[in-house]
Amino acid sequence: MPKMTVKDVEVKDRRVLVRVDFNVPLDEKTGEITDDNRIRAALPTIQYLTRQRAKVILMSHLGRPKGKVVEDLRLGIVARRLSEVLGQPVTVAPDCVGSDVENMVATMKAGDVLMLENLRFHVEEETGDASFAKALARLGNVYVNDAFGTAHRAHASVSVIAQYLPAAAGFLMEKEVENLGRILENPAQPFAALLGGAKISDKVSMLENIMDKVDYVMVGGGMAATFLQARSYEVGQSLIETDMVETAKRLMELAQKEKVNLMLPVDVVVADEVSNEAQVEIIPVENIPKEKRIVDMGPQTISNFSRALRRCRTIFWNGPMGIFEIPRFARGTQELAKLLAGLEAMTVIGGGSTAEAVSDLGLAGKMTFVSTGGGASLEFLSGDKLPGVEALPDRKWEREID
Ligand code: ADP
Ligand code: MG
């Protein structure tokens, strides 16, 4: 990676301020962490730093407290889980800035890990306030950004702070940028984008950016209904983005111009309601009844997509192929996940739900790379510069450490 990484900076006995993305999903009722992948994904950087005898100060946001203290969004629960997987104590600070925190930091020993309180308890985090960034910077001698999932935000702890400390990327950030970068720079061909999920609007600029690089675009999930509508099929009660029908038409024209094979479902699973008790049937896309909705792709579509995917050497997958949260509607998602897991191709998974589906099937380790960034990975593949990455100094430019 052209940016400075944690290996390029002296960290021994230094206070290393690490921005991580520990914005983990919490159970609505119990408040327990339902998926700790984001915590585990940051372990290589944290373990490297403790082994190098750095003083590790972690900072993260959790949820959307919108500038106020929200008791349920304190990072204590995250610190406890981190402590378990790390196998060492993780102290939690009462806040993320201020003299109490500065005093705590001053007593840290080499190899200690301290977790600052939720950054978003301060409104200045999201507004990218310079004095808040400076107050954070005072806590460390070095800044490391390992929060790829937040790298598309120009927040105080993500980009602004990099002006005030020697800065570098963590290992997760490095891996994300390298893997997603390979997709944009020199993907082995044939290259397929397998797209599903709820909405087209999230994915338009990514699709536009990769259209001249891909050989196939395969559309499933809720998105497919808008494309089918654009081709004048009846889609019944399916999830539709009415204002995206024209965009879908434009994308299909663009695909044709770029000689991209844009594949849509030929058959679908429709249901009368979104529940496990629903009446379901498998039908060709020509025959969708007015009172039904698309909930998954059909077997012929799974087989069409599979045949094309087997030929590919690079596959980027974003968005589940159906309402996979309901087991009966998870077949398309599961079948394609299994197929990808068995391929030699470079397989890159982006998007929170897609990553969750793949990891629930125990297949995450069989993919080339599962991105921890939903929005960030889409923005990256849209060709946008991510503030959190841009703010890091280039490798050749080595600053003196204070
Ligand atoms: P990701 O988080 O992987 O980026 P999205 O956020 O784009 O994916 O979409 C995930 C959501 O899309 C899931 O909650 C899933 O239920 C929904 N979805 C998939 N297929 C359909 C469909 N046919 N109709 C409605 N929603 C769908
Ligand atoms: Mg999502």
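Select Lys-249 first: in this predicted model the residue is partly exposed, with a relative accessible area of 32%, and its salt-bridge partner is Glu-246, the closest N and O atoms of the two lying 3.3 Å apart. Glu-246 is exposed, since its relative accessible area of 54% is over the 50% cut-off. Both residues belong to helix H10, where a spacing of three residues means that about one helical turn separates Lys-249 from Glu-246.

While the salt bridges are on display, select Asp-36, Arg-40, Arg-81 and Glu-84 together, because salt bridges with shared partners join these four residues into one network. Across the whole structure, a search finds 19 salt bridges.

Return to helix H10, which covers residues 245-257, and pick Arg-250 together with Glu-208 of helix H8, residues 204-210. Glu-208 and Arg-250 form a salt bridge whose closest N and O atoms are 2.7 Å apart, and the pair links distant parts of the chain, with the two positions 42 residues apart. How exposed is each partner, by relative accessibility? Glu-208 counts as partly exposed at 33%, and Arg-250 also falls in the partly exposed class, at 42%.

The next pair to select is Arg-38 and Asp-21, a salt bridge in which the closest N and O atoms are 3.5 Å apart. Here too the link is between distant parts of the chain, for Arg-38 sits in helix H1 (residues 37-41) and Asp-21 in the loop between S1 and H1, 17 residues apart. Is Asp-21 buried or exposed? Asp-21 counts as buried, because its relative accessibility is 8% and the limit for burial is under 20%, whereas Arg-38, at 24%, counts as partly exposed.

From that loop, move to strand S1, residues 15-19, and show it with strand S5, residues 142-145; the two pair in the parallel sense over four bridges. Within this pairing, select Leu-17 and look across to Tyr-143 in S5, which stands opposite. Strands of a sheet pair through backbone hydrogen bonds, either parallel or antiparallel. Widening the selection brings in the whole open sheet, in which six strands follow the order S3-S4-S2-S1-S5-S6 with parallel pairing. At the edges of this sheet are strand S3 (91-92) and strand S6 (167-169), each of which pairs on one side only.

Finally, select ligand 1 and the residues around it. Which residues are closest to ligand 1? Of the 17 residues that surround ligand 1, the closest are Lys-203, Gly-322, Glu-325, Ser-353 and Thr-354. By class, this shell has five nonpolar, 10 polar and two charged residues, and helix H13 (residues 352-360) gives the most to it, with three residues.

Three polar contacts are worth displaying as distances. An N or O atom in the side chain of Lys-203 is 2.8 Å from an oxygen atom of ligand 1; a backbone N or O atom of Ala-198 lies 3.1 Å from an oxygen atom of the ligand; and a polar backbone atom of Gly-352 is 3.3 Å from an oxygen atom of the ligand. With the protein surface switched on, consider how much of the ligand is covered: on its own, ligand 1 has 580 Å² of accessible area, and the protein covers 81% of that.

Methods
Residues are numbered from 1 along each chain as its sequence is written. Chains are lettered from A and ligands numbered from 1 in the order in which they are written. This is a predicted model: local features need pLDDT of at least 70, side-chain atom pairs count only at pLDDT 80 or more; totals for chains, interfaces and linings use all residues. Side-chain values use heavy atoms; hydrogens and water are left out. Two strands pair if DSSP finds at least two bridges between them. A residue is near a molecule or strand if one of its heavy atoms lies within 4 Å of it. A polar contact is a pair of N or O atoms within 3.5 Å; within protein, one must be able to donate a hydrogen and the other to accept it, and residues adjacent in sequence count only if both atoms are side-chain atoms. Accessible areas come from the Shrake-Rupley method with a 1.4 Å probe; for residues, only the protein chains shown count as cover. Ala, Val, Leu, Ile, Met, Phe, Trp, Tyr, Cys and Pro count as nonpolar, Asp, Glu, Lys and Arg as charged, and the others, Gly among them, as polar. A salt bridge is a side-chain nitrogen of Lys or Arg within 4 Å of a carboxyl oxygen of Asp or Glu. Buried means under 20% relative accessible area, exposed over 50%, partly exposed in between (1.4 Å probe, protein chains only).
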